[in-house]
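Please examine the model shown here. The account that follows is intended to be read alongside the coordinates.

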Amino acid sequence: MNISTLPPQITVNGVRLNATPGQRPVRVDECVTICELFQKRCAELGDRTAHREKDFGIWRSYSWTDYWNHAKWIGLALRKLGLERGEAVSILSEDRKEWVWFDMGIQAVGGIASGIYTTDSASQLKYLVNDSGSRFLIVENEEQLDKFLQVEDDVPELLKVIILDDEGLHDLNHPRCMMIDEFYKLGQQVETEDPGRFEAEIAMATPQDTALLVYTSGTTGMPKGAMLSHENILAAIECGAHALPTHSDDEQLCFLPLCHILERDVSVYFPLAAKCTVNFAESPETVFANLQEVSPSTFTAVPRVWEKIYSQVQIMAQDATPAGRAAYGMAIKAGLARAECILEGKPVPAGVAAQYWLWDRLVLRNLRRMLGMDKMRRGGSGAAPISTDLLKWYWAIGVPLIEGFGMSETSGLATLNTIEHNKIGTVGRRVPGNDIRISDEGEIQLKGLNIFQGYWRNNAKTAETFTADGWLRTGDIGYIDDDGYVTISGRMKDIIITAGGKNITPAEIESRLKFSHYISDAVIIGDKRKYLTALIMIDQENVEKFAQDRKIPFSNFASLCAAAEVKDQIQAEINAVNKDFARVEQVKDFRLIDVLLTADDDELTATMKLKRSFVEKKHGHLIEDMYK
Amino acid sequence: MSEPVLKIRNIESFYGPIMAIRGVSLDVHPGQIVSILGANGAGKTTLMKTVSGVMDPEKGKITFHGEDIQGSEPHKVVQKGIVHVPEGREVFPLLTVDENLSLGAYTLKDKGQVDHDRDLVFSYFPILKERRNQEAGTLSGGQQQMLAIGRGLMGNPKIMLLDEPSLGLSPLLVQEIFGILKRLNDEQNMTMMLVEQNANAALELAHHGYVMEVGRIVMDGAAKVLMQSEDIQNFYLGVQEEGARENRRWKRKKTWR
């Protein structure tokens, strides 16, 4: 390549990047593929800690050399066992270091890594393995292995299953299964027989090779695998480095599923560029404790998690002594006063700053330490809309929390607020290097090097997703203000046309409902109906607390949902939201979903969002009841 | 259905700063046996202690025959007809069987009533009559449990709170004691609230069941319905789910529906 024709570069937080994002070739420290960057980082960082994971309650460190060696053995063993370049490998595991090692090992030898949610059922596993044509399946433990065993005859293309945790499986003797230790040994054997093979494989990768498949959660129809190339990911790294700076001494906590592009970016690819350390949460249940222990520098989560942390603080404050409660109230007031100024871009008056300084010393600093947010430079929220009040509360306690928008098809990033350029209630401005436009139908459309290659083995769907002139159709409706900030109002597919012929975007109403602390999620019904109604999933913890404080008797979840006072409270929340909408857009009736749904249920996505189609089908009787 | 004799509403009890019961509500109807199931630390015993007045709830209401009793002194609660048969038998080892029984009738003044109650106890537990002059400490475990229940009966209770009567007993003895409890319920129309780990025996005996987990009720229903629940079968009745593999060790998540 002729050096003079390459785009000029700058250094951001110690990483060389193209000065103007969005230009080819996308280079991160001169590397043009993920695996090339991986090789470079492992060579230069060696014994520095790349990952930390808890083992019997003690945090253990794993270096970049460990990262390199294991990925190497994985890659070589996969090739030895018959993986060809361009073939897929599925990973069915909770977040752990091996997940990331496999991600790198697979990509380094030209494979395509595809994540499967641990909450998926055996039949979903079958679909995902067959659709991706996976030759190998990585399972975490016996529970996940059993899903494979249930469908083993229906996944003929699968060569081998590799098991990470052998607990309870010592006497397993299955021709298609292999334990991880045996698998590493095989890799080591290949390494001695054929030194330099792994490095040669890495050198064969090109920026246009597909590196990973991300199956979209698919609220309608079967999941589709979005193909992301090395270039796509490097473009996302580039956007991230410009808009969401990460430092080499940062600590991070990885807890959202790595199958999801958001966590994958934040916990695998961004740290690869930024050289920072990633800590794996023990389990989804221990996130809050792990957060305290790690006290990360940046923390990206879904609104549900931010909401939970807020609720916990509220509950603690309510149960505190009167003096403690008063101090908390005043501290939040001082914090909000300061936050309002910052968020409006105005200078903070000296009096407000002094108040905040005082309450920060007395209350807020301790609160942040207790939450594990004392070192937090930036919090991020994505994957679902977050309430502005919640965002303000975090700013008030001294945690800068910003909202962004992205999807699998955009390698996770599309629009972002930044600490400096932040407009609350919007999802921010287009990421550096991207172009954005609103189509005549109001759809948000994007162009950029981070836009995916297409859906795996599904040209029809791919064609539908791009416009004739090559822009990505996000399927979201929204608008852009004069300063370039984007607001999303709903999904195109979800548009409801009432019997009166009125077009309504339910997402707008749904997200407003969700901002209530008592409502965890809502689905608006009303297509071809006379008026709108809602199915509502209550937030168990907050509603239980509500009921207890008001001495409302209940025994289990169903009786909680049946309590008249709870229904009245939800009605009040709906009335408050209705006020802001035109008459045809008002919710006239509602029902509570009185079973406690878990991620294993069909009605919920892995990120705990209600799936419209399933909810409408499963709770049809509730819906019919509202239109009697 | 008739008005419940015992109504518990949103009870919260603490051990120091630790919340052991987080808002429990339940009903016991006259003549009913209600079982409370749950693993160790679920708060079952705490709930019993809160009802009998040994512990005071931080929040919530307990009504017995329409009268608020939460936070009452234990002896007042006993006088109202609520008898608590504690976990681990707790008989007075150095007193004789007779003396133990007399202590159970401590609140009664009427001598004739006491003699009648004693005869009743002996009719249900003939072995206690045989050993009436023996020190309670020298009885076998099952006999001590019988004595503890018998002592409870002596107070002429309207409701008995039984805390793990099967604890440490052989299966045969459990059968025997539960048989007697059933007879007491059938013949004397005795209302009972029963805490048990032996879910099978408890659900066989009870009319209604509640399942507690970490201080909350997660499921309730008629005992027959509970026995059919997949969660109850898997987690309390030891029914092994059909797995893809022999020797499966993991269990699916509880959903309580």
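The paragraphs below treat chain B, its contact with chain A, and a helix pair.

This is a predicted model, in which local features need pLDDT of at least 70 and side-chain atom pairs count only at pLDDT 80 or more, while totals for chains, interfaces and linings use all residues. Residues are numbered from 1 along each chain as its sequence is written, and chains are lettered from A in the order in which they are written.

Chain B contains 10 helices and 10 strands (DSSP runs, H or I of at least four residues for helices and E of at least two for strands, numbered from the N terminus). Its radius of gyration, taken over C-alpha atoms, is 19 Å, close to the 18 Å that the globule rule (2.2 Å times the number of residues to the power 0.38) gives for 257 residues, so chain B is as compact as a globular protein of that length. Of those 257 residues, 44% are buried (20 or more other C-beta atoms, placed from the backbone, within 10 Å of the residue's own).

The contact between the chains (C-beta atoms, placed from the backbone, within 7 Å) takes 20 residues from chain B and 17 residues from chain A. On the side of chain B that touches chain A, the elements giving two or more residues are β1 (6-15), β2 (18-28) and β10 (216-222) of chain B. The largest share, four residues, comes from β10(B).

Within chain A, Ile34(A), Cys35(A) and Phe38(A) of α1(A) meet Met104(A), Gln107(A) and Ala108(A) of α3(A).

How values were computed:
Two residues are in contact if their C-beta atoms, placed from the backbone, lie within 7 Å. A residue is buried if 20 or more other C-beta atoms lie within 10 Å of its own, exposed if 12 or fewer, and partly exposed in between; C-beta atoms are placed from the backbone.
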